[in-house]
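Subject: Structure handover

Hi,

Here is the structure I promised to pass on. Have a look at it first, and then read my notes underneath.

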Amino acid sequence: MAGFYINQHVLNNLFYILVTVFAFSFIYDHSAAIQRKPLYSRALLAVCMALASVLCMKFPIYVDPTCIHDFRQIPFLLGTLYGGSAVGAVLFAVSMLARTILYGFQPLTVVVYAIMFVAASAVSPLFQRLPRPAKLFTTLWLTFLLAVLTTFVAIIIADFPVTKPYIVYFILMPPFVMMFAAYVMETLHEAQLARVELMKMEKMEIVSQLAASISHEIRNPLTVVKGFIQLLQTRPMPRETEERYIRIALEEVERAEAIIHDYLTFAKPAPKKTEPIDVAVELQRVIQMIQPLAHMHSIEISSSLKHGVVIGNVQYFQQCFLNLAKNSIEAMPDGGRLHISAHRQGGAVVITIVDNGIGMTKEQVRRFGEPYFSTKEKGTGLGTMVAVKIIEQMGGTWTIESAVQKGTTLTVTLPAGRVQPPASEQSAAG
């Protein structure tokens, strides 16, 4: 029965130490104020280690007529080594006060813990600069040497009786418990540092993706501007046509500026304005913007656009289908035919983009919309990712049917809005 009692309370003392170590790590990890101010972190360490010391004293491992054995020296040494002499002084005062309240004043205890305090405080500055393996080695041997030293002091001063339980619980076992507690503290600290580094890496990855995305999205309006300027240079045309081309080019420059503004305000997103969108009108505009690029690739664009209303942001809607149409054009490097259609179907508007380009494999179809996945040699996949995200934000769905060297059909289904265009409007066709 006595053996069970001893083993049970050894585990209890170890439990008190580990719980306070975990409590310190948890509170420190979740409090920016404590992380910023070393004084707060040392105060927290002192509180946690003092609590562990008091609990170890309150529920000791073994009691004989002359001495109480427990692991109170473990949190005392941990706090002093990691927190310095200031934390050690607080722990010393709390330990002596608690010892006096619980079991009465004992001068020998004051001497023993004064020796521990002086030794740990002297070692602390060097200890905090050591690598992890050296710290564990230091805690093991420092605890053992202090136990032996204080035992000799106790024998000399008070003719202290050294019993077998004392040797086990005060000299042999504490160094290993101390090393284990230090190992836990170091592991938790390294986990915190690893998480901080991971967050930094994630931020850098976001910055990288953001830069690539900006480059991709700005390229679209610049391509349109370049196409119209090339058309203006190639051959003479009516003044009215020139003015229309110039107007569209200027609008695309403004759209590029708006995209830059959106990305610059990415950290503080504001609710985007939504309004009824006539898909026929806006898709016709997308076709006009993409026409110069199609002309450069010898691609014929046809359309069958019936009026239907969806709710969303006009700029995002144009950006979405401009990306998708541009992808289809780039999938036909040797020329071809691109057909864009839109019609009402029940409570939805169905938009279809069909090309007879190089097509995609089943694996490519499965990964459609993933960032940094593209069937193009120099593609980033971000344009498709943005398009898919916009479709999802509008509450829509998309499906793809594709065959290698035969072409691709992309079908986008968006919920129809309540506002309908005037009945007098006719279907737009191009």
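Below is what I found in it, topic by topic.

First, the ground rules. This is a predicted model, so local features need a pLDDT of at least 70 and side-chain atom pairs count only at pLDDT 80 or more, while totals for chains, interfaces and linings use all residues. Residues are numbered from 1 along each chain as its sequence is written, and side-chain values use heavy atoms, with hydrogens and water left out.

**Confidence**

pLDDT is the predictor's confidence in each residue, from 0 to 100. The protein averages 82, and 84% of the residues score at least 70. Among the elements, strand 7 (residues 348–355) has the highest mean pLDDT, 94, and strand 10 (residues 428–429) the lowest, 44. When I say helix or strand, I mean a DSSP run numbered from the N terminus (helices are H or I with at least four residues, strands are E with at least two).

Two stretches need a caution. Over residues 1–5 the pLDDT is below 50, and beyond near neighbours in sequence this stretch has two contacts in the model; contact here means heavy atoms within 4.5 Å. Over residues 265–271 the pLDDT also stays under 50, and the model has zero contacts for them beyond four places in sequence.

**The cores**

In soluble globular proteins, nonpolar side chains tend to be buried together. I looked for nonpolar cores, meaning sets of buried Ala, Val, Leu, Ile, Met, Phe, Trp, Tyr and Cys residues joined through side-chain atoms within 4.5 Å. Buried is under 20% relative accessible area, exposed is over 50%, and partly exposed is in between (1.4 Å probe, protein chains only).

The largest nonpolar core has 48 residues, of which Ile17, Val21, Phe71, Ile74, Leu78 and Met116 touch the most other members. Two or more residues of this core come from each of helix 1 (2–29), helix 3 (38–58), helix 4 (73–83), helix 5 (85–103), helix 6 (107–127), helix 7 and helix 8. Helix 8 gives the most, with eleven residues. A second, separate core holds 46 residues, including Phe228, Ile287, Phe317 and Met332.

What does Ile17 touch, leaving aside its neighbours within four places in sequence? Its contacts are Ala52, Cys56, Phe71, Ile74, Pro75, Val177 and Ala181.

**Salt bridges**

There are nine salt bridges in the structure, counted wherever a side-chain nitrogen of Lys or Arg is within 4 Å of a carboxyl oxygen of Asp or Glu. In one of them, Glu190 meets Arg132 at 2.6 Å, N to O. Glu190 is in helix 8 and Arg132 in helix 7, so this pair ties together parts 58 residues apart in sequence. Glu190 itself is partly exposed, at 34% relative accessibility.

Glu186 and Lys135 also form a salt bridge, at 3.3 Å, N to O. Glu186 sits in helix 8 and Lys135 in helix 7, 51 residues apart, so to speak a link between distant parts of the chain. Both Glu186 and Lys135 are buried.

Arg239 pairs with Glu243, with the closest N and O atoms 3.3 Å apart. These two are four residues apart in helix 9 (residues 239–264), so about one helical turn separates them. Arg239 is exposed, at 55% relative accessibility, whereas Glu243 is partly exposed, at 41%. Salt bridges that share partners join Arg239, Glu242 and Glu243 into one network.

**A nonpolar patch on the surface**

Val111, Phe152, Ile155, Ile156, Ile157, Val162, Ile167, Val168 and Leu172 form a nonpolar surface patch, together offering about 770 Å² of accessible area. Patches take residues with over 30% relative accessible area and no salt bridge, joining like charges within 9 Å and nonpolar side chains (Val, Leu, Ile, Met, Phe, Trp, Tyr) within 5 Å; areas come from the Shrake-Rupley method with a 1.4 Å probe, and for residues only the protein chains shown count as cover. Helix 7 (132–158) and helix 8 (164–234) each supply at least two of the residues, and helix 7 gives the most, with four. Val162 is in the loop between these two helices and is partly exposed, at 36% relative accessibility.

**Two positive phi values**

Ser298, in the loop between helix 10 (279–296) and strand 4 (299–305), has a positive phi near 55 degrees. Gln405, in the loop between strand 8 (397–403) and strand 9 (407–415), has a positive phi near 65 degrees.

Cheers
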